[in-house]
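Open your viewer, colour by secondary structure, and keep the selection box handy. We will go from stop to stop, with something to select at each one.

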Amino acid sequence: MSHPTNQMYVTENRLSSEGNVATAPPPPRVRKSEIEHKSDIPRRSAEAESDPGSITGLALREKKAKTLKVEREAELHRLKIQKMQGELMPIDLVERTQTINIQSIFRSFESASENIASIYNERLGGDRASLAEMITRMRKELERAIRAAEEKSKEEIKGLMAEYAATRRRGEKK
C-alpha cells in the first residue's frame, strides 16, 4: 500500500463507502515520474566495481589503464614540443653549464683574493716571499672550501632524492 496509486485507490473507495466526502483528506497528488516504473537495468554495486575479478571491475580497470596511457602519451608529446622549442635542456648540458659557472666564480674569487693579498702585503711592508705564502694559504683554504661544498651538496642531493622517492611512494597506488 506504499505505492501512491494504490493509496489513491484505497482512499477513493473508503470515501465512497463511508459517504462522507467532506471530512476525508484530499488524495495526494502523484507525479507521473513517481508512477512510472523504475529502469529494469540493474545498478552496479560498489562491491562489483571494486572486485578485480568481476567483469565490471575488469572493465573499470581497463578504462583507467587506457586513461593513464593517454595522459602519459600527452605528457611525452608536450615534453617533445618543449624540447623542439628550446625550452628544455638535457641534464648533462645543464651540469656542464653549472660547472663552468662555478669554476668561473672560483677563478674570479681567487684572482680577487690574490689582489687583496698583494695590497695587504704592500701595506704591511712584506716581501715577495710573504706574498707567495699568503697566496698559497688562500688557495689551500679555497680548495678546502670547494671540497666541503662538494660534500655538502652530495649529502643534500641524496637527501632530496630520498625525500622525492618517499613522496613518490606515498602517492602511488599499490
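A salt bridge here is a side-chain nitrogen of Lys or Arg within 4 Å of a carboxyl oxygen of Asp or Glu. Before selecting any, note that this is a predicted model, in which local features need pLDDT of at least 70 and side-chain atom pairs count only at pLDDT 80 or more, while totals for chains, interfaces and linings use all residues. Residues are numbered from 1 along each chain as its sequence is written, and side-chain values use heavy atoms, with hydrogens and water left out.

**Stop 1: the whole chain**

Show the protein chain as a cartoon. It has six helices and zero strands, so the pattern along the sequence reads α-α-α-α-α-α, where helices (H or I, at least four residues) and strands (E, at least two) are DSSP runs numbered from the N terminus. Of the 174 residues, 7% are buried; buried means under 20% relative accessible area, exposed over 50%, and partly exposed in between, with a 1.4 Å probe and protein chains only.

**Stop 2: a salt bridge along α4**

Select E62 and K66 and show their side chains. The two form a salt bridge, with 3.7 Å between the closest N and O atoms. They sit four residues apart in helix α4, which means that about one helical turn separates them. E62 is partly exposed at 44% relative accessible area, whereas K66, at 52%, counts as exposed.

**Stop 3: salt bridges at α5 and α6**

How many salt bridges does a search of the whole structure find? The search finds six. For another one, select E114 and R139, whose side chains meet at 2.6 Å, N to O. This pair links distant parts of the chain, with E114 in helix α5 and R139 in helix α6, 25 residues apart. Both ends are partly exposed: E114 has 24% relative accessibility and R139 has 39%. Now add E110 to the selection, and you have a network of salt bridges linking E110, E114 and R139.

Stay on α6 and select E133 and R137, a salt bridge of 3.1 Å, N to O. Here the partners are again about one helical turn apart, being four residues from each other in helix α6. E133 is partly exposed at 42%, and R137 is exposed at 56%.

**Stop 4: the largest pocket**

Select E95, Q98, T99, I102, Q103, F106, I146, A149, E150, S153, K154 and I157, which line the largest pocket. The elements giving two or more residues to this lining are α5 (91-124) and α6 (128-171). Colour the selection by class and you should find five nonpolar, four polar and three charged residues. Ala, Val, Leu, Ile, Met, Phe, Trp, Tyr, Cys and Pro count as nonpolar, Asp, Glu, Lys and Arg as charged, and the others, Gly among them, as polar.

The space in this pocket is about 450 Å³. On a 1 Å grid over the protein atoms alone, a pocket is an open set of points where a 1.4 Å probe fits, with protein on both sides within 12 Å along at least five of seven lines; lining residues have an atom within 4 Å of a point. Points are joined across faces, edges and corners, and the volume is the space filled by probe spheres set on them.

**Stop 5: a leucine patch**

Finish by selecting L76, L79 and L88, a nonpolar surface patch with about 240 Å² of accessible area together. Patch residues have over 30% relative accessible area and no salt bridge, and nonpolar side chains (Val, Leu, Ile, Met, Phe, Trp, Tyr) are joined within 5 Å. Areas come from the Shrake-Rupley method with a 1.4 Å probe, and for residues only the protein chains shown count as cover. L88 lies in the loop between α4 (55-84) and α5, and is partly exposed, at 35%.

Note on methods. Patch = residues over 30% accessible without salt bridge, like charges linked within 9 Å, V, L, I, M, F, W, Y side chains within 5 Å.
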